[in-house]
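User: Please take a close look at one packing region of this model and describe it in detail. Start with the convention for handedness, then go through the parts in order.

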Amino acid sequence: MNKRIVVVGGGVIGLATAWVLIKSGHQVQLLERNALPARATSFANGGQLSYRYVAPLADRGVPLQGIKWMGKADSPLNLRLRMSPDQWCWLLQFLRACRRQTNKINGAHILRLALLSRQIMQEWRDEDNLADFDWRRSGKLIIHRQDDSLNKAVQGIDPQFQQHLSHDDCIKLEPALAHIGKQIRGGIYSPEDETADCYKFCQALLEKLTHSASFTLTTRCEVQGMKRQGERIRALETSQGTIGGDEFVVAAGNGSGALLGNAGIRVPLCGLKGYSLTLPYPQRPGLAPDVSVTDYGHKVVYARLGDRLRIAAMVDIGYDGDEIRPARIQALKRIVAASFPDLQGLDQAEIWTGMRPSTPAGPPMLGRAGYQNLWMNLGQGSLGFTLAAASATVLGSLIHGEAPSISVQGLTWEP
């Protein structure tokens, strides 16, 4: 049955959700608080579609590492404690999830969703004729500088899809790593992983959506509250008036917690601040990675996006907003320069920061949100681009009252 569905949030998750619902024959109104969609967390992320490497941040040893890293500008993770009940509640749940077995269980839930996402993204590229978004099956190489981290990674690979590479194999696959060759103990290579520009992907979806008579985009629209009637949401109160619908989807990233809180629903979300640099990809071979590379020790990712190089890194907890921390950017540039000393343009690189909406344990929250016609698509964290297509498809099935093609165990919100 054709429904009027309101989707709140115009990032990659909201746009993918709108596209799934439009393709299913519904009328969709997408509400975006900014002047343009996909200008926040989806704008300049790492660019990796990392379907095989989806390990949650919460793992054994991370809390101790986090304490050691506190206050260090070049550390992968910075934590600033605040007088915030929400932050402390999130951190407590995060600590509970920092167990090896819990990490494996949650990683399996995310992997299930990621593999579905890979399938759906291929269908969208093949069947929907999306505009170019610098997609490439680049393969992904995770390099390790420590034997213990490499040995742990080797134990968790799927030999059918991932390969354990020696030091020499890593350099042969990606010659740009030669400068730090002596530091590399080995790597894990996933030949089928991909890279793409998330913002261009969002633009490609938006172009398709705007050609549909069933789609409406409303920008500069702040949702201020929900009108409830019994077990249903009747309408949204917004800065542009009251907006009604049959179903309502909250996919507003970091703004989702406050919005759902207006309806009495508390979800464990925390914005994990990350940073990226974008610069021209060098014309001379061997100066920067062509394969998608993750430097595990520094938690820095490198992705070639067309004629640009995207470098992304770091997790800051307790640092909100769009403010750039200069010390973090300078530390990132030092790490990059030490790894690729002949790379030009770092000083002129475009600098970006974004808040990745994350759950404590790692898996996103999909499904009904306390009311019969209120739904959530939240918490994909640093894997928003990777998981967007599958998250939207699973939610679309749930809204239709159908069983999704994968189990949603571990992927739903539980009050």
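Analyst: A crossing is left-handed if the near helix is turned anticlockwise from the far one by less than a right angle. With that convention, look at helices α1 and α7 in this predicted model. α1 passes α7 in a left-handed crossing.

Two values describe any pair of packed helices: the angle between their axes and the distance between those axes. Here α1 covers residues 12-23 and α7 covers residues 198-210. Their axes are 10 Å apart and meet at an angle of about 30°. Angles under 35 degrees count as roughly parallel. The two helices are therefore roughly parallel to each other.

Now the contact itself. From α1 come V12, L15, A16, A18, W19 and I22. From α7 come C198, F201, C202, L205, L206, K208 and L209. By class, this contact has twelve nonpolar residues, one charged residue and no polar ones. Lys counts as charged, so K208 in α7 supplies the charged entry.

α1 also lies across a sheet. The strands it covers are β1, β2, β9, β13 (247-250) and β20. Relative to β2, α1 runs at about 170°. Angles over 145 count as roughly antiparallel, so α1 and β2 are roughly antiparallel.

That sheet is open and has six strands. Their order is β9-β2-β1-β13-β20-β19, and the pairing is mixed. β9 (215-218) and β19 are the edge strands, each pairing on one side only. From one strand to its neighbour, the average turn is 15°, direction ignored.

Take two of the strand pairs within it. β1 (residues 4-8) and β2 (residues 27-31) pair in the parallel sense, over five bridges. Opposite V7 stands L30 in β2. β19 (residues 365-368) and β20 (residues 374-378) run antiparallel instead, joined by four bridges. G367 faces M376 of β20. The two strands form a hairpin with five residues between them. G370 in that hairpin takes a positive phi near 85°. In a regular strand the side chains alternate between the two faces of the sheet.

A second sheet offers a contrast in pairing. This open sheet has three strands in the order β10-β11-β12, with antiparallel pairing. Its edge strands are β10 and β12 (241-244), and each pairs on one side only. The twist averages 30° from one strand to the next. Six bridges join β10 (residues 223-229) to β11 (residues 232-238). Among the matched residues, G225 stands opposite E237, and K227 has A235 as its bridge partner. β10 and β11 make a hairpin with two residues between them. G230, in the turn, has a positive phi of about 65°.

One last residue sits further along the chain. L387 belongs to helix α10 (residues 384-399). Is L387 buried or exposed? Buried means under 20% relative accessible area. L387 has 1%, so L387 is buried. Beyond its sequence neighbours up to four places away, L387 touches I110, L113, A114, S117, P364 and Q380. M121 is 266 residues from L387 in sequence, yet their C-alpha atoms are 9.7 Å apart.

Terms used
Residues are numbered from 1 along each chain as its sequence is written. This is a predicted model: local features need pLDDT of at least 70, side-chain atom pairs count only at pLDDT 80 or more; totals for chains, interfaces and linings use all residues. Side-chain values use heavy atoms; hydrogens and water are left out. Two strands pair if DSSP finds at least two bridges between them. Axes are lines fitted to C-alpha atoms, for helices over the stretch in contact, and angles run from 0 to 180 degrees between N-to-C directions. Buried means under 20% relative accessible area, exposed over 50%, partly exposed in between (1.4 Å probe, protein chains only). Contact means heavy atoms within 4.5 Å. Angles under 35 degrees count as roughly parallel, over 145 as roughly antiparallel, 65 to 115 as roughly perpendicular and the rest as oblique.
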